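I am opening a new page for this chain. These entries record what I looked up, in the order I looked.

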Amino acid sequence: MFQIVPLAQAAPPGGGGLFANPLLLIALMFGIMYFFMIRPQSKREKARRAMIDAVQKGDRIVTAGGIHGTVTKVDETSVLASVDGDTKLRFEKNAISSVTTKDGKETAAA
């Protein structure tokens, strides 16, 4: 009346192994990419954003183009920097590559 189905079946031919499942391999590759590429980049970007947000009047800056100056005014998205005597230039905050504060501490975007 009832037929008993064997619970233990033979392994499929071709062998199993740890990386037999393609989804497991893709997940492993994504995990490696995250820890070696994405995570360090987001840490660097967070440090760069904090450096730019902390710019104050009197700080010395260096722009991505290599222009050195002293911050005279800080706006929402830009800074006004005195570069030589009475010469003042306005830069976007994103153009700042390093900042030296009034007390001499230097921070640079990596």
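Which residues in H1 are buried? I find Arg48, Met51 and Ile52 buried in this helix. I note here that the model is predicted.

Entry: overall layout. I went through the secondary structure and noted one helix and six strands. Along the sequence the pattern reads α-β-β-β-β-β-β. The chain has 110 residues, and 18% of them are buried. I also looked up contacts with a separation of 6 or more, and 36% of these are between residues 24 or more positions apart.

Entry: the helix. I noted 32 residues for H1 and a reach of 44 Å from its first C-alpha to its last, which is close to the 46 Å expected at 1.5 Å a residue. I then looked for a bend and found one of about 45° at tyrosine 34. At the N-terminal end, asparagine 21 serves as the cap of H1, with a side-chain oxygen 3.2 Å from the backbone nitrogen of leucine 23.

Entry: the core. Which residues make up the largest nonpolar core? I list ten: Met51, Ile52, Val55, Ile61, Val71, Val79, Ala81, Phe91, Ile96 and Val99. Two or more of these residues come from each of helix H1 (22-53), strand S3 (78-84) and strand S5 (96-100). I add a general remark that nonpolar side chains tend to be buried together in soluble globular proteins. I followed phenylalanine 91 further, leaving aside its neighbours within four places in sequence, and its contacts are Ile61, Thr63, Ile67, Thr77, Ser78, Val79 and Ala81.

Entry: the hairpin. S3 and strand S4 (residues 87-92) run antiparallel and are joined by six bridges. I see serine 78 opposite glutamate 92 in S4. Two residues lie between S3 and S4 in this hairpin, and glycine 85 in the turn has a positive phi of about 65°.

Entry: serine 82. I placed this residue in strand S3. Serine 82 has 18% relative accessibility, so I enter it as buried, the cut-off being under 20%. Its side chain reaches the backbone oxygen of glycine 85 at 3.2 Å. Beyond neighbours within four places in sequence, I found serine 82 in contact with Gly69, Thr70, Thr72, Thr87 and Lys88.

Entry: aspartate 59. Is aspartate 59 buried or exposed? I find aspartate 59 buried, because its relative accessible area is 3%. I located aspartate 59 in the loop between H1 and strand S1 (60-63). A polar atom of the aspartate 59 side chain lies 2.9 Å from the backbone nitrogen of glutamine 56. With neighbours within four places in sequence left aside, I listed the contacts of aspartate 59 as Ala54, Gly69, Thr70, Val71, Val99, Thr100, Thr101 and Lys102.

Entry: lysine 73. I placed lysine 73 in strand S2 (residues 68-74). Its relative accessible area is 44%, so I enter lysine 73 as partly exposed. What is lysine 73 in contact with, neighbours within four places in sequence aside? I found Val79 and Leu80. I also looked up the C-alpha atoms of lysine 73 and arginine 90, which are separated by 9.2 Å, the two residues being 17 residues apart along the chain.

Note on methods:
Residues numbered from 1 in each chain as written. Predicted model: local features only at pLDDT ≥ 70, side-chain atom pairs only at ≥ 80, totals over all residues. Heavy atoms only, no water. Core = buried A, V, L, I, M, F, W, Y, C linked by side-chain atoms within 4.5 Å. Buried < 20%, exposed > 50% of the residue type's maximum accessible area, 1.4 Å probe, protein only. Helix = DSSP H or I, 4+ residues; strand = E, 2+ residues; numbered from the N terminus. Contact = heavy atoms within 4.5 Å. Expected span 1.5 Å × (residues − 1). Bend = angle between axes of the 7 residues up to and from the residue. Polar contact = N/O pair within 3.5 Å; in protein donor to acceptor, adjacent residues only side chain to side chain. Pairing = 2+ DSSP bridges.
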